[in-house]
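Trainee: I'd like a close look at how one pair of helices packs here, and then how the neighbourhood around other helices is put together. Could you walk me through it?

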Amino acid sequence: MTVNSSLSYFVLTAYIHVGSLKFLCFVVTALVYVGIVLVNTSLIVVICMNRSLHEPMYMFLLSLFVNELYGSTGLFPFLLVQILSDLHTVPAPLCLLQIFCIYMYGNVEVCNLAVMSYDRYLAICDPLHYKSRMTSQKAAVLISGVWFYSVLKLLITLSLNVRLSRCGNVVNSLYCQNYLIVKLACSDTRLNNIYGIFGTVVTVIVPLIPILFSYLRILQVCFSGDKQTRQKAVSTCSPHIVSLLNFSFGSCFQIFQSRFSQNKLPVLLQIVLSLYFLIIQPLLSPVMYGMQMSSIRNTYKRENTTTAGKPRAKI
């Protein structure tokens, strides 16, 4: 086997030949991406432009919507090019950049959801002291910490990846994945594997602690509280729970798919599930929060009414 430490490109083999249907696939994929951009951007604008929404809870939502845009942009432009291409190759630097974007998206998403669960715990379980315990400054520090930690973690991941010598460049995936790239290495990958396990534990287990703690306490308050308390908990927590469960399902399958053989599954199902957490999550989160949270929904309606009610300038 030939060792090549300077492979300039990777070949993605998970794409199937669909003939002239590739143009239909391109249009559908482009429409999905446009939809993700529109729904997330509209909510970002609503939160930024309305001072009544400049509160910790909406700051966390703002970070979530920005991350949805970031993660989908790390995939969709690349995916659109590959759909129209006959040769599914990707330059090595671009492959590493995509790994950075997609993995950072996942890291920010789970950490942001963990912080949001703690915020909901304070709002429901300790409402009298919520404004003093969760100020806008504290929210900004938490959000900055989530993004800084994610950048640092992925820089370490890429630095461990770049040092490896590789014996091949064939990747059985629709996009670049760190574990599959590491598997191509001929050199010692023990450090990568140790850091990968450590990173997975830190990214999954550590955020799981505040999530479980927060929702156990919220459940206790719901069972012991009055009807109004339960209604408030359901209205504010249901979008978060749906978003959390949806992202967890997509992420778990992606982890299992990259590490275990999925040959028994139909090819089309493998493709759909491999893209699940990068397509459904960026669409579901803004729709859920926009529909369920009355403050955002009412502000959005008010903005549309105000815009529609403005008289047009006469020419």
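Trainee: Which residues in α1 meet which residues in α2?

Mentor: Keep in mind that this is a predicted model. On the α1 side you have Y33, I36, V37, N40, T41, L43, I44, I47 and C48, and they meet Y58, L61, L62, F65, V66, E68, L69, S72 and T73 in α2. As for the geometry, the axes of α1 and helix α2 (residues 56-73) come within 9 Å and cross at roughly 155°. That angle makes α1 roughly antiparallel to α2, and the crossing of the two is left-handed.

Now stay with α1 for its charged side. K22 and D86 join their side chains in a salt bridge, 3.4 Å from N to O. K22 sits in α1 (residues 22-49), while D86 is in the loop between α3 (76-84) and β2 (89-91), so this pair ties together parts 64 residues apart in sequence. The structure holds four salt bridges.

Next, move along to the helix pairs that involve α6. Helix α4 (residues 92-125) packs with α6 at an angle of about 145°, the axes being 9 Å apart, and α4 passes α6 in a right-handed crossing. From α4, the contact includes L96, I99, F100, Y103 and M104; from α6, it includes L142, V146, W147, Y149 and S150.

α6 (residues 136-162) also has α8 to deal with: their axes come within 10 Å and cross at roughly 160°. That makes α6 roughly antiparallel to α8, and this crossing is left-handed. Here Y149, K153, I156, T157, L160 and N161 of α6 meet L191, N192, Y195, G199, V202 and T203 of α8. Y149 turns up in the α4 contact and again in the α8 contact, so to speak doing double duty on paper.

Finally, look at the surface. I197, V201, V204, I205, L208, I209, L212, L216, L219 and F223 make a nonpolar surface patch of about 990 Å². One of them, L212, is placed in helix α8 (residues 190-224), the helix whose L191, N192 and Y195 are among the residues meeting α6.

How values were computed:
Residues are numbered from 1 along each chain as its sequence is written. This is a predicted model: local features need pLDDT of at least 70, side-chain atom pairs count only at pLDDT 80 or more; totals for chains, interfaces and linings use all residues. Side-chain values use heavy atoms; hydrogens and water are left out. Patches are made of residues with over 30% relative accessible area and no salt bridge: like charges are joined within 9 Å, nonpolar side chains (Val, Leu, Ile, Met, Phe, Trp, Tyr) within 5 Å. Accessible areas come from the Shrake-Rupley method with a 1.4 Å probe; for residues, only the protein chains shown count as cover. Helices (H or I, at least four residues) and strands (E, at least two) are DSSP runs, numbered from the N terminus. Axes are lines fitted to C-alpha atoms, for helices over the stretch in contact, and angles run from 0 to 180 degrees between N-to-C directions. Angles under 35 degrees count as roughly parallel, over 145 as roughly antiparallel, 65 to 115 as roughly perpendicular and the rest as oblique. A crossing is left-handed if the near helix is turned anticlockwise from the far one by less than a right angle, and right-handed if clockwise. Contact means heavy atoms within 4.5 Å.
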